[in-house]
Amino acid sequence: MGAAIAVRGVTRTFTLGARSVVALEAVNLEIPAGTLVSLLGPSGCGKSTLLRLFAGLDKPDGGSILIDGGDPNELRASHRIGVAFQDSSLLPWRSVWSNICLPLELAGRTAERADIQGLIDMVGLSGFENALPAQLSGGMRQRVAIARALVATPSVLLLDEPFGALDEVVRLHLHLELQRIRAARPVTTLLVTHTVSEAVFLSDQVVVMASRPGRAVRTIAVDLPYPRTPATLRSARFHELCDLCSEVLFSHASGMAASTGVQE
Amino acid sequence: MSSLRQGGRAELLWAVNFVAILLLWQCVGFATGLPGPIAVVHRLKVDGPELYWNAGLSTLRCALPGWVGASAVAAVCAMVATVWPVLAPGIFQLGVMSYCLPSLAIGPVLMIVLDGDGPRIVLAALASFFTMLVGTMTGLRACPPFQTMLVTAFGGTSWQALFKVRLRAAVPSWFAALRISAPASLLGAMIGEFLGAEHGLGVLLINAQQSLDLSRTLTVTLTSAAFAGVLYGVVGIAGHMCTRWARDMPLNLARESEALRVGWANTAQRTEAALLAAGRVIAAVMVALGAWWLALRLSGVTPYVGRSPLDVLHYLTDRTDGAARIGEIVRELGTTLLDMAAGLTGGIGAGLGLAVLSQIWPPLHRLLAGPVFIMQAMPLVATTPLLILLFGRGEAIVVIVGAIVTFFPIFVSVSQSFALTPRSALDLIAANGGGRLAALRKVQVPAALPSLFAALRITVPLSMTGALIAEWLATGRGTGYMLLNAVSMSDYDGLWARVAVTTTVSMVLYGLIGWIELAVGRALTAGRA
C-alpha cells in the first residue's frame with residue numbers, strides 16, 4: 001500500500017489581471033512510499049497549490065509530478081487519492097456513515113458494512129453513525145473527514161491543514177490517532193501545515209517552503225523514534241528539530257529574520 | 001436542550017402577540033365603529049363560510065398551476081445558467097423583466113390574448129417566477145467550492161458533483177423561494193380576478209369594495225391572507241422536514257438578487273462591465289420587443305386588439321395626434337410617479353424609523369415581530385381595496401398603498417442588517433465611550449444602507465402595481481385609471497403603449513436603485529478593497 005512520489009522542477013504561475021504570480025518555482029521532491037511528509041510554510045508559499053497538483057485538481061506549467069510513475073490525474077480518476085481539507089468539507093445533509101461512504105459511491109463500489117463500521121470504530125466515532133455534521137464537535141468532524149479520506153483505500157492521502165481549526169488538546173489527540181491509523185495502514189501521506197511542532201511530531205520528512213515565489217527551500221529528515229507519544233514533545237531532539245525548522249522558516253521570511261530573529 | 005425551551009418560549013410569545021393584536025383590533029373597532037374580529041366572525045356566519053372557502057379554492061385553481069409552472073421553468077433556467085454561465089446574465093435579465101411587468105398593466109393584455117383561466121394562471125406565474133429564479137440560482141451556487149472540489153478529488157465527474165452536491169445544497173434556498181413566492185402567486189391570480197372573472201377571492205373582494213361593504217371586504221382580505229398563510233406554512237413545514245441538516249435560512253430576495261448581479265459585474269474590468277451592461281440593456285429591449293411580437297403572432301389574436309411594437313410607435317409618432325398622446329401619457333405617469341415617490345418616502349421613513357427605535361427600545365422589536373411575520377405571508381397589494389374603503393378615494397390612497405407595501409421589506413431588511421452588526425464593532429464604540437445612538441449613527445445605519453436600497457429595489461415594481469390598482473379603483477386618475485379606461489374605450493394602441501411605458505419605467509427604477517445600491521456599497525467598502 002502507498003505510492004512513491006517524484007516531483008521534478010514543478011512550476012505553476014497564475015495570472016491575476018495583468019499581473020502574473022509565481023505560486024511555485026522549480027520544486028523538486030522525492031517522497032518514499034508509505035512515509036508522511038509535511039509541507040511547512042507561511043501563507044502564500046504555494047503549499048496548497050502543490051497539494052492541488054498532487055490531487056490532480058490542477059496541472060503544473062512546467063516540470064512533472066509522478067505518483068508511482070503515473071500522472072496524478074489518472075490516479076484521481078481511478079479513485080486512488082484520499083483528501084481531507086481544513087474545514088472538514090463534510091456534506092451537511094449526509095450522516096457520518098453516509099459522508100464516509102461518499103468516495104465509494106463516486107467510484108461505483110459497494111460499501112461493505114463491516115469495513116465502514118471498522119473505520120468508524122478506528123476513528124473513535126462508534127455510536128455516531130447516524131449523526132449529522134452539525135451535531136458533531138470540530139474534532140469529531142475532522143475524524144469523519146479522515147475516515148472518509150481512507151475509506152476507498154487510497155494510495156496517497158492528502159491532508160490540507162486538517163487540524164488547523166482545532167484547539168491544542170484535541171489536536172494532539174488527533175495527531176496520536178493519525179499515527180495509530182497510519183501504523184495500521186501505511187499510506188503515503190502529504191500534510192500541509194503552518195505549525196512547526198505539528199510537522200515535526202507527525203513527519204518522516206519536513207519540507208520547509210518559502211513564499212514569493214513559492215518554493216521548497218530545505219527538506220529536514222525527522223529521526224524521532226516511533227511510536228511518538230506526548231513524552232516525545234518534551235524530548236530534546238524534538239525541540240532541536242523544531243528549532244531547526246523555525247530557523248529555516250524565518251531565515252527565508254523576507255524582513256522577518258532581522259526583526260524577530262530565530263525563535264528559541 | 002435549551003433550544004427546545006427557547007422554541008417553546010417563542011411560541012408563547014407568538015400566541016401572546018396574536019391575542020394582543022386581536023384585542024387591540026377589537027378595541028379600535030369599538031372606538032371607531034370599524035369592524036373588529038367579532039364583526040368578521042359574525043359576517044362569516046351570515047354569509048356562510050362556503051362563500052369564502054369556494055372563492056379561495058377558485059383562486060387556488062389559478063394560483064397553483066401558475067406557481068408550479070413558474071417554479072419548474074425557473075428551475076430549468078437556473079440549471080442552464082449554472083451549467084453555461086455565459087447565459088446566466090441574460091436569463092437573470094429576463095427574470096428582472098418578468099418581475100417589473102406591472103400585473104395590472106399586463107393583465108388586460110393577457111385577457112385579450114388568452115381565454116379561460118389563462119390570464120390568471122400567467123399572472124400567478126409572472127408574480128412568482130423571479131423569486132423562484134433567484135432562489136434556485138442562489139441555491140445552486142450555495143455549496144462552498146471545496147465541496148465540489150472534494151467530489152473531483154475523489155475521482156468523481158462534474159455530473160456527480162451536480163447531482164451529489166449542488167442539487168442537494170440548493171434545497172433549502174429552493175424551499176425558501178417556494179415559500180415566499182406562494183403568497184405572490186395568490187396575489188397574481190387575484191389581480192387577474194380584479195380585472196374580470198366569474199369566481200374567486202379577487203372577484204368577491206372587488207364587488208364588496210364597490211358596494212362599499214366594509215365588513216365583507218375585510219373578511220375577504222383576511223380569507224386571502226389565511227389561504228396565503230396556509231400555503232406559506234405548509235411549504236415552510238415541508239421545507240423544514242426536507243432540510244433538517246441546514247439552519248433555517250429565510251431567502252432575502254433583495255440581498256440574493258444583488259449577490260447574483262454583483263457576482264457577474266465583478267467578473268469584468270470596469271469599461272468592459274459598462275459595455276456589457278449597455279449590451280445587456282439593448283439585448284433586453286430586443287428580447288422584450290421580440291417576445292411581444294412573437295406572443296401576438298402565436299396567439300393569433302386579431303391585429304385590431306393585438307397591437308405590435310410598430311403599431312404603438314406609429315400611434316405615438318402620429319403627425320396630428322402623436323405629440324398630444326405622448327403628452328397625455330407623460331402627464332399620467334407624472335401623477336403616478338409623484339404618488340409613488342410620496343408612498344416610498346413614507347414607507348422608508350417608517351421602516352427605517354421603527355427599525356432604529358426597536359434597536360433603542362428592544363421590546364418594540366418583539367412587539368412588531370408578530371405583525372411583520374404575518375405580513376410576509378400576506379399578498380399585501382391585495383389589501384388595496386380594503387385600504388380604499390378605510391382611507392377614502394382621495395389622492396392620499398396611492399401614497400398609503402405605496403407606504404404600506406414599502407414599509408415591511410424595508411423594516412425587515414434594515415432590522416436584519418442591524419442584527420448582523422459584529423459584536424466587536426459595537427464593543428469598539430462602547431469602549432470609546434459612545435452610546436447606543438453613536439453606534440447606530442456611526443456603524444449600524446451606514447452599514448444598513450445597501451440593504452435598505454436593495455429592499456427598495458425589490459419593492460418598486462410591487463408599489464407600482466399597488467399604485468396602479470389604487471388609481472384604477474379609487475382616485476380615477478393617473479396611469480392606472482387610463483390603462484383600464486383605454487380597455488373600455490377600445491383604445492388598444494393606448495393600452496399597449498401604457499403597458500410598454502409602465503414596464504420600462506419600472507425596469508429603469510429597478511436598475512437605477514440597483515445602481516445607487518452598488519455605489520453606496522462600494523463607498524462603504526472603498527477603504528477595504
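Here are three short exercises, with worked solutions, on a predicted model.

**Exercise 1. The contact between the chains**

Find which elements of chain B give two or more residues to the side that touches chain A, and describe that side by class.

*Solution.* Start with the size of the contact: 20 residues come from chain A and 15 residues from chain B. Next, look for the elements on the chain B side; those giving two or more residues are α7 (145-153) and α8 (158-194) of chain B. Of the elements, α7(B) gives the most, with seven residues. Finally, sort this side of chain B by class: nine residues are nonpolar, five are polar and one is charged.

**Exercise 2. The largest nonpolar core**

Work out which residues touch the most other members of the largest nonpolar core, and between which domains of chain B this core lies.

*Solution.* The core has 210 residues, and L40(A), L158(A) and C245(A) touch the most other members. Helix α19 (residues 436-475) of chain B is the top contributor, giving 19 residues. Because domain 2 (48-267) and domain 3 (307-529) of chain B both give residues to this core, it lies between them. Now zoom in on C245(A): leaving aside neighbours within four places in sequence, its contacts are L40(A), V196(A), A199(A), V200(A), V206(A), V208(A) and I220(A).

**Exercise 3. Domains of chain B**

Describe how domain 1 of chain B meets domain 2 of chain B.

*Solution.* First, take the bounds from the domain assignment: domain 1 (10-43), domain 2 (48-267) and domain 3 (307-529). The C-alpha centres of domains 1 and 2 of chain B are 31 Å apart. Their contact takes four residues from domain 1 and six residues from domain 2. On the domain 1 side, three residues are nonpolar, one is charged and no residue is polar.

Technical notes. Residues are numbered from 1 along each chain as its sequence is written. Chains are lettered from A and ligands numbered from 1 in the order in which they are written. This is a predicted model: local features need pLDDT of at least 70, side-chain atom pairs count only at pLDDT 80 or more; totals for chains, interfaces and linings use all residues. Two residues are in contact if their C-beta atoms, placed from the backbone, lie within 7 Å. Helices (H or I, at least four residues) and strands (E, at least two) are DSSP runs, numbered from the N terminus. Ala, Val, Leu, Ile, Met, Phe, Trp, Tyr, Cys and Pro count as nonpolar, Asp, Glu, Lys and Arg as charged, and the others, Gly among them, as polar. A nonpolar core is a set of buried Ala, Val, Leu, Ile, Met, Phe, Trp, Tyr and Cys residues joined through C-beta atoms within 7 Å. A residue is buried if 20 or more other C-beta atoms lie within 10 Å of its own, exposed if 12 or fewer, and partly exposed in between; C-beta atoms are placed from the backbone. Domain bounds come from an automatic or database domain assignment.
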